[in-house]
Amino acid sequence: FILGETCSALLLFISIMTMFMSGVVAIFEYDLKKIIALSTLSQLGMMMFSISLGLYELAFFHLLTHALFKALLFLCAGILIHGAGNTQDIRSFGGLSLNFPLVTVCMNLANLSLCGVPFLAGFYSKDLIVELACQYSWGIFVLLMMFICLSLTVLYSVRLTYLSFVGPYGGGTSISVCESDYSLVGPVVILSFTSLVSGPILSWLNFPAPVLIFLPVFLKWGALFFVGVSLLVMLSLQGLTYSYKWGVVSKFSGLMWFLPWLTGQGFSMKTLKNA
């Protein structure tokens, strides 16, 4: 490894904890832009995880595919916020699939790609990182945390889709004329197409020679199994997504594990207040 064994182990630990923290916080978050930003943080952790294993080309490959469908997510979120009266709270959405059918399809396509659903852009990079990571002897804890972080990605993606498009009407205003503006919808359609075809195309460009991976059956199907189980679990728990009254746990997650206070926010507030 270029980083060295100690630096690689440290980066491995930090990247896994970053993925885990951002996934847990996103499940308790109601701000649409914050959920997508936390999703970006989780995928950056995935890239650093790949780098810690020495898979530098795979990290760059995931960076390219992630840039395409995450740009699609942010554009769709912007259209929803603009059409929902400039509100970012997903609790005030609900049933937007009737007013925004095209944006619903495109955003769900980006969410499925983020989850690593087969044959979408995110699948080609994430699944390859997971399968190659299973070949390394870092121990069962690393593999288990990796699969848990994959499950968290599915959980907050399904929750976002349900509360925004499928769930009951949240009481907010919505303007469906946004989809008649081609300057808004045009880039979304183009990025949706890239989310479909960029995975295999970039895979062929970055890895002209096929990668042969030998894994036990339970590890080979591990990623798809966790994705499927997480999808079913979150669909069955949608009735609980409106009442996360977990007290300290909800506040702890909503404040990103108090990291802003520990990393400088508290110090900055006191110095600015004294000034």
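The largest cavity, with a volume of about 70 Å³, is a good place to begin in this predicted model. A search of the whole structure finds four cavities of 30 Å³ or more.

To see what surrounds the largest cavity, select C115, G116, F123, K126, D127, V130, L150, A223, L224 and V227, which together make up the lining. Seven of these lining residues are nonpolar, one is polar and two are charged. Colour helices α5 (121-133) and α9 (222-236) next, since each of the two supplies at least two residues of the lining; the greatest contribution is that of α5, with four residues.

Stay for a moment with C115 from that lining, which counts as buried because its relative accessible area is 7%, under the 20% limit. Then move to C106, where the relative accessible area is 5% and the residue is likewise classed as buried. With a cut-off of 2.5 Å between cysteine sulfur atoms, the count of disulfides in the model comes to zero. C106 accordingly belongs to no disulfide, and a distance drawn from its sulfur to the nearest cysteine sulfur, that of C76, should read 5.4 Å.

Turn now to the aromatic side chains, among which five ring pairs are counted. Select F61 and F207: their ring centres lie 5.6 Å apart and their planes stand at 75°, so the pair is edge-to-face. This pair joins distant parts of the chain, for F61 sits in helix α3 (residues 56-83) while F207 sits in the loop between α7 (182-206) and α8 (217-220), 146 residues apart. Both F61 and F207 are buried.

Go on to F225 and F226, another edge-to-face pair, with 5.9 Å from centre to centre and 90° between the planes. Here F225 counts as exposed because its relative accessibility is 53%, whereas F226, at 24%, counts as partly exposed. Then show F119, F123 and Y124, which ring pairs link into a cluster; F123 will already be on display as one of the residues lining the largest cavity.

Finish with the annotated spans. An unreviewed UniProt entry places the feature "transmembrane region" at residues 7-28, 34-56, 63-82, 102-124, 136-158, 184-205 and 217-237. Select residues 7-28, whose end C-alpha atoms lie 32 Å apart and whose span is 95% helix and 0% strand. For residues 34-56, the corresponding end-to-end C-alpha distance is 28 Å, and the span is 87% helix and 0% strand.

Methods. Residues are numbered from 1 along each chain as its sequence is written. This is a predicted model: local features need pLDDT of at least 70, side-chain atom pairs count only at pLDDT 80 or more; totals for chains, interfaces and linings use all residues. Side-chain values use heavy atoms; hydrogens and water are left out. On a 1 Å grid over the protein atoms alone, a cavity is a set of points where a 1.4 Å probe fits but cannot get out, and a pocket is an open set with protein on both sides within 12 Å along at least five of seven lines; lining residues have an atom within 4 Å of a point. Grid points are joined across faces, edges and corners, and a volume is the space filled by probe spheres set on the points. Ala, Val, Leu, Ile, Met, Phe, Trp, Tyr, Cys and Pro count as nonpolar, Asp, Glu, Lys and Arg as charged, and the others, Gly among them, as polar. UniProt positions are given in the numbering used here, feature names are shortened, and annotations may be inferred rather than shown by experiment. Buried means under 20% relative accessible area, exposed over 50%, partly exposed in between (1.4 Å probe, protein chains only). Rings of Phe, Tyr and Trp (its six-membered ring) pair if their centres lie within 6.5 Å; planes under 30 degrees apart count as stacked, over 60 as edge-to-face and the rest as tilted.
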